[in-house]
Amino acid sequence: MAAGAAAGLGAGWGWCWGCHSSRIVGSLSPFPPVLLLLLLLLVAPAPQPATSDITNGNNEHLKREHSLIKPYQGVGSSSMPLWDFQGSTMLTSQYIRLTPDEPSKEGSIWNHQPCFLKDWEMHVHFKVHGLGKKSLHGDGFALWYTRDRLVPGPVFGSKDNFHGLAIFLDTYPNDEATERVFPYISVMVNNGSLTYDHSKDGRWTELAGCTADFRNQNHDTFLAVRYSRGRLTVMTDVEDKNEWKNCIDISGVQLPTGYYFGASAGTGDLSDNHDIISMKLFQLMVEHTPEEDNIDWTKIEPSVSFLKSPKDNVDDPTGNFRSGPLTGWKVFLLLLCALLGIIVCAVVGAVVFQKRQERNKRFY
């Protein structure tokens, strides 16, 4: 299903300019040529960003040494090839359950092999479900690409002050004052100096996030995480529409090679079943410059070139963050609106001037 969902999302960034018939141009002939040109530029559609290039799941680029796929090996035992698990994690023939729907449980599963791919994409098939109603469930689970593995801790069953990348799929709002809508997906990059604040649901260290209703669904739910040339993209397929939906898109992210993929979950007084059904890692075929190839990617420090200040993390009712600085697209839209206003005033002025000229001619 994940492959089918991604099949229609291969478009890139591009410019698309519309064509205009000579009949339209002819009808505007009374107006000055400069005004005509401005009108044509306005009518031409603005460039639109296409959906991220999520892979179609071609097995040619599937890295099996970093993937968790059925049929699982080692069912009924305490270990499996290429993956280690600990805590409450239970391996069955249909899923890997990180935690049962019981309070005070922690579990995780980690890949044996460090990943040395510079550009990759992970597809995760998961299910979060339980008997708890409304807000009486928790806490969620996390996906990891980190330096250390198999270290239990307070952050969704894994260690705090980690080195690397974490994607949190949070189902319970600990911050009663928040206006976010849960379940909520967020991203954090850490060089070991940052602490995840559970009481604020990680708001101060979050890079970006979105609301995604993935809990207690009767259909399959998927997440895609893509990292390529400093761009981190997270997309979801949780609405049974067989298509990916944008969640997070961040540039300027620096992640080293040689880290480990994993998943962990934790429950407190409230609980849920947190199941991983598959984790598929794909290698992205991306060309790098000679300078980039000469870099020792294992020595890169996890970082983001622009990290929002906590004061910029202002909740809005949709569950997303309003960022303080204007982005390129916001500036473009503001300039377009300003240009539209100028053109409308110019057209109105030209029409009024032409009418007055015709009226004056009738008086002579």
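Start with the whole chain and its contacts: among those with a separation of 6 or more, 71% are between residues 24 or more positions apart. Keep in mind as you click around that this is a predicted model. Color by secondary structure and you can pick out five helices and 18 strands. Switch on the surface, and you are looking at about 18,600 Å² of exposed area, with carbon and sulfur atoms supplying 56% of it. Of the 364 residues, 44% count as buried.

**Stop 1: the sheet**

Select the strands of the seven-stranded open sheet, which go in the order E2-E3-E15-E5-E10-E11-E12. The pairing is antiparallel. At the edges sit strand E2 (90–91) and E12, each of which pairs on one side only.

Now zoom in on E5 and strand E10 (residues 221–228), which run antiparallel and are joined by seven bridges. For a landmark on this pair, show Glu121 and look across to E10, where Arg226 stands opposite.

**Stop 2: the cysteines**

How many disulfides does the structure hold? There is one, and to see it you should select Cys210 and Cys247, whose sulfur atoms are 2.0 Å apart. This pair links distant parts of the chain: Cys210 belongs to strand E9 (residues 208–211) and Cys247 to strand E12 (residues 245–250), with their positions 37 residues apart. E12 is a strand you have already met, as an edge of the open sheet.

Turn the view to look along the S-S bond. The torsion there is about -100°, so this disulfide is left-handed. Both Cys210 and Cys247 are buried.

Two other cysteines are worth a click. Is Cys115 buried or exposed? It is buried, because its relative accessibility is 0%. Cys345 is exposed, because its relative accessible area is 58%, over the 50% cut-off.

**Stop 3: Leu117**

Next, select Leu117, in the loop between strand E4 (106–111) and strand E5 (120–129). Despite the loop setting, Leu117 is buried, with a relative accessible area of 13%. What does Leu117 touch, once residues up to four places away in sequence are set aside? Show Lys63, Thr257, Leu281 and Gln283, and you have the answer.

While you are here, put a distance label between the C-alpha atoms of Leu117 and Phe282. The label should read 9.5 Å, although these residues are 165 apart along the chain.

**Stop 4: His288**

Finish at His288, in the loop between strand E15 (273–283) and helix H4 (290–293). E15 is another member of the open sheet from the first stop. His288 counts as buried because its relative accessibility is 16%, under the 20% cut-off.

Display side chains and look for polar contacts. One joins the side chains of His288 and Asp119 at 2.5 Å. Another, at 3.1 Å, joins the side chain of His288 to that of Glu292.

Then widen the selection to what surrounds His288. Leaving out neighbours within four places in sequence, His288 is in contact with Lys118, Asp119, Arg229, Asp293 and Trp297. So Asp119 turns up twice on this stop, as a contact of His288 and as a polar partner of its side chain.

Notes. Residues are numbered from 1 along each chain as its sequence is written. This is a predicted model: local features need pLDDT of at least 70, side-chain atom pairs count only at pLDDT 80 or more; totals for chains, interfaces and linings use all residues. Side-chain values use heavy atoms; hydrogens and water are left out. Helices (H or I, at least four residues) and strands (E, at least two) are DSSP runs, numbered from the N terminus. Buried means under 20% relative accessible area, exposed over 50%, partly exposed in between (1.4 Å probe, protein chains only). Contact means heavy atoms within 4.5 Å. Accessible areas come from the Shrake-Rupley method with a 1.4 Å probe; for residues, only the protein chains shown count as cover. A disulfide is a pair of cysteine sulfur atoms within 2.5 Å. A polar contact is a pair of N or O atoms within 3.5 Å; within protein, one must be able to donate a hydrogen and the other to accept it, and residues adjacent in sequence count only if both atoms are side-chain atoms. Two strands pair if DSSP finds at least two bridges between them.
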